[in-house]
Amino acid sequence: GPGGAGSYWNVKSPTYDLVGHTWGWHLMAPPLITSDGRMILPMNASTDPPSLRDIRCEPVYVSSKNIMTEQDPGKVEFIFNPPPPHGVHVPLEANQGESHGMEAQVVELSDGRLFSPIRTGNGCTYFTVSDDGGQTWAKARALRRDEDGPLLLNPNCANPITKLSNGSYALLHCNNDGNIYGVNNVFKHNVVRHPIYVSIGVENKPESTQPIRWSEPRLMTTLEAYKPKHRDGWNDLTYGLLHEQDGRFYHFYNAKWDRIQVNKINPLLFLPPNQTPGTNSR
């Protein structure tokens, strides 16, 4: 519509076969502004049944080369990759041939490649990489400590990633595969989404099959000291982000949906792999 108070602009989105219409989009991750000034926004084409177990979804990355410079919102250009008919297929191990990948995050590596960890229904994080600025994406596969190391465990929940000022990466995850607290179900969202661990990553050699190798998971944030008067049995620390500022680290999250908490985290926890971390949050 025209400019002015209350104006809005619709982004024309394509139809992906998995969804069959243009409104089946899901967004739970921040955009990335690349070193050459483009915006990459990780989204996913998603079905919308009431049960997490029944959702089928494929990550799609929306890019814009002029959003940071164009004054007229109606002229901002958006490109959806991979283009229809399919996004990035993230195999659901329990249902062969079906995709369950959502809430992708994205960071830019030092060589300009894009690295994207993805929430799955497989009890661990998957990832994909783009070598051409987000136009094409590699086959998604399970993320490990290193190429042949242990899986980075995570139930069906977000796995935020932050590129730190020293060039390393911090990946937040729950370090469990759904078999915890007396249940064995990655989709038991009000039970398995805590505590939060951080794995610190450093870049591998360019020829490595996995771009980042990771430290052993380090306990970062727990619910032990958080006892609100009304918590309704909801135990979820995963919707949040890590923020670094002036050598200080802050974890923003919501253990209860109607409030935001912030923890100041000991910076020793973010030492690179093979160095001894300090204590956790306070």
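Modeller: Let's start with one cut-off: a residue counts as buried when its relative accessible area is under 20%, and as exposed when it is over 50%. The model we are looking at is predicted.

Colleague: Then why is Tyr-239 called buried?

Modeller: Tyr-239 has a relative accessibility of 17%. The limit is under 20%, so Tyr-239 counts as buried. You will find Tyr-239 in the loop between β17 and β18.

Colleague: Which residues does Tyr-239 touch, leaving out those up to four places away in sequence?

Modeller: Among them are Met-28, Glu-103, Arg-119, Ala-158 and Arg-193. Phe-252, Tyr-253, Asn-254 and Trp-257 are touched by Tyr-239 as well. A contact requires heavy atoms within 4.5 Å, so each of these residues has a heavy atom within that limit of Tyr-239.

Colleague: How far apart are the C-alpha atoms of Tyr-239 and Gly-134?

Modeller: Those C-alpha atoms are separated by 25 Å, and the two residues are 105 residues apart along the chain.

Colleague: Glu-103 and Arg-119 were both in your contact list. What makes Arg-119 and Glu-103 a salt bridge?

Modeller: The closest N and O atoms of Arg-119 and Glu-103 are 2.9 Å apart. The rule asks for a side-chain nitrogen of Lys or Arg within 4 Å of a carboxyl oxygen of Asp or Glu, so this pair qualifies as a salt bridge.

Colleague: Where do Arg-119 and Glu-103 lie?

Modeller: Arg-119 is in strand β8 (residues 114-120), while Glu-103 is in the loop between β6 (101-102) and β7 (107-108), so the salt bridge ties together parts that are 16 residues apart in sequence.

Colleague: Are these two partners buried or exposed?

Modeller: Arg-119 has a relative accessible area of 2%, and Glu-103 has 1%. Set against the limit of under 20%, Arg-119 is buried, and Glu-103 is buried too. Glu-103 has another feature to look for: a positive phi of about 50°, although Glu-103 is not a glycine.

Colleague: How do you know that Asp-236 and Arg-193 form a salt bridge?

Modeller: In this pair the closest N and O atoms are 3.0 Å apart. With the cut-off being within 4 Å, the pair is therefore a salt bridge. Asp-236 sits in the loop between β17 (218-221) and β18 (240-245), and Arg-193 in the loop between α1 (189-192) and β15 (196-203); the pair links distant parts of the chain, 43 residues apart.

Colleague: Why are Asp-236 and Arg-193 both called buried?

Modeller: Asp-236 has a relative accessible area of 2%, and Arg-193 has 4%. Buried means under 20%, so Asp-236 counts as buried, and so does Arg-193.

Colleague: What can you tell me about Arg-38 and Asp-36?

Modeller: Their side chains meet in a salt bridge, with 3.1 Å from N to O. Asp-36 has a relative accessible area of 52%, and is exposed because exposed means over 50%. In the whole model the salt bridges number 5.

Colleague: Why can such pairs form at all?

Modeller: Side chains of opposite charge can pair when their charged atoms come close.

Colleague: How many positive and negative side chains does the chain have?

Modeller: There are 26 positive and 28 negative ones, and the centres of the two sets lie 7 Å apart.

Colleague: Why does Asp-246 count as exposed?

Modeller: Its relative accessibility is 67%, and exposed means over 50%, so Asp-246 counts as exposed. Asp-246 has a positive phi of about 55°, although Asp-246 is not a glycine, and lies in the loop between β18 and β19 (248-253).

Colleague: Which peptide bonds should I look at?

Modeller: Try the bond from Asn-81 to Pro-82, which is cis with omega near -5°; Pro-82 is in the loop between β5 (79-81) and β6. Then try the bond from His-194 to Pro-195, also cis with omega near -5°; Pro-195 lies in the loop between α1 and β15.

Colleague: How does the radius of gyration fit a compact globule?

Modeller: For 282 residues, a compact globule would have a value near 19 Å, and the chain has 19 Å, so the two agree. The C-alpha atoms fill a box of roughly 50 × 45 × 40 Å along the principal axes. The chain contains 1 helix and 20 strands, and buried residues make up 48% of its 282 residues.

Definitions and conventions. Residues numbered from 1 in each chain as written. Predicted model: local features only at pLDDT ≥ 70, side-chain atom pairs only at ≥ 80, totals over all residues. Heavy atoms only, no water. Helix = DSSP H or I, 4+ residues; strand = E, 2+ residues; numbered from the N terminus. Rg over C-alpha atoms; globule rule 2.2 N^0.38 Å. Buried < 20%, exposed > 50% of the residue type's maximum accessible area, 1.4 Å probe, protein only. Lys, Arg positive; Asp, Glu negative; His and termini not counted. Charge placed at Lys NZ, Arg CZ, Asp CG, Glu CD.
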